[in-house]
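Student: I would like a close look at a single part of this protein, taken slowly and with its surroundings. Could you choose one pairing of strands and build outwards from there?

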Amino acid sequence: MDTPGATARPRFQVTIEDSGERFACAEGLPVLKAMTALGGRGIPSGCHGGGCGVCKVRVLEGDYRTAAMSREHVSAEEEAGGVALACRLYPASDLRLKVLGMMHRAVEARRYGLV
Ligand code: FES
């Protein structure tokens, strides 16, 4: 007999250091998609396909995997240092992130009520 919820994918907590936002992201779901589905705005959102680079983040804590990312936006060296595009970032544990993309100042301005 099946147990209700037994096949549910694990959900991880994602914390965005810049905005203080926290949201849940199911395993197998890109962090950016989980955030926007919940109405979050802590990470700038663009193409959702790994091509524009506005969702660039650094993973400060946690385990994850990434799908292919444009080298135009994330170098191999950056990738090795924990930099990723949030639309290509899949959590494997709770994550703590810092926004690096070109719009990160807008995120901080919103946090402090400057815009
Ligand atoms: S939203 Fe364009 S690269 Fe992530």
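**The first hairpin and the sheet around it**

Tutor: Phe12 stands opposite Cys25 in strand E2, and that pair is a good place to begin in what is a predicted model. Strand E1, residues 11-16, and E2 run antiparallel and are joined by 5 bridges. The two strands form a hairpin with 5 residues between them, and within the turn Gly20 has a positive phi of about 80 degrees.

The two faces of E1 can be told apart by burial: Phe12, Val14 and Ile16 make up the covered face, whereas Arg11, Gln13 and Thr15 make up the uncovered one. This fits a general rule, since in a regular strand the side chains alternate between the two faces of the sheet.

Just outside the hairpin strands, Arg9 lies in the segment before E1. Although Arg9 and Ala26 are 17 residues apart in sequence, their C-alpha atoms are 6.1 Å apart in space. If its neighbours within four places in sequence are left aside, Arg9 is in contact with Ala26, Glu27 and Gly28. Arg9 nevertheless counts as exposed, because it has 10 C-beta neighbours inside 10 Å, and the cut-off for that class is 12 or fewer.

Moving from E1 to E7, we find that these two strands pair in the parallel sense over 3 bridges, and Val14, from the covered face of E1, has Leu95 in E7 as its bridge partner. Strand E7, residues 95-99, shows an alternation of its own: Leu95, Leu97 and Val99 point to one face and are buried, while Arg96 and Lys98 point to the other and are not.

E7 also pairs with strand E3, residues 56-61, here in the antiparallel sense and over 4 bridges; in that pairing Arg58 stands opposite Lys98. E3 in turn runs antiparallel to E5, to which 3 bridges join it, and the bridge partner of Val57 in E5 is Ala84.

Put together, these pairings give an open sheet of 5 strands in the order E2-E1-E7-E3-E5, with mixed pairing. The edge strands are E2 (22-26) and E5 (83-85), each of which pairs on one side only, and the twist averages 40 degrees from one strand to the next.

What remains is the nonpolar core. In the largest nonpolar core, which has 25 residues, those that touch the most other members are Val31, Ile43, Cys55, Val57, Ala84, Leu85 and Ala86; the bridge partners Val57 and Ala84 are thus both in this group. Two or more residues of this core come from each of E1, helix H1 (31-37), E3, E5, strand E6 (89-91) and E7, and the largest share, 4 residues, comes from H1. In soluble globular proteins, nonpolar side chains tend to be buried together.

Val31 brings us back to the hairpin: apart from its neighbours within four places in sequence, Val31 is in contact with Val14, Cys25, Ala86, Leu89 and Pro91. Among these contacts is Cys25, the residue that Phe12 stands opposite in the pair we began with.

Key
Residues numbered from 1 in each chain as written. Predicted model: local features only at pLDDT ≥ 70, side-chain atom pairs only at ≥ 80, totals over all residues. Buried ≥ 20, exposed ≤ 12 C-beta atoms within 10 Å, placed from the backbone. Pairing = 2+ DSSP bridges. Axes fitted to C-alpha atoms, helices over the stretch in contact; angles between N-to-C directions. Contact = placed C-beta atoms within 7 Å. Core = buried A, V, L, I, M, F, W, Y, C linked by C-beta atoms within 7 Å.
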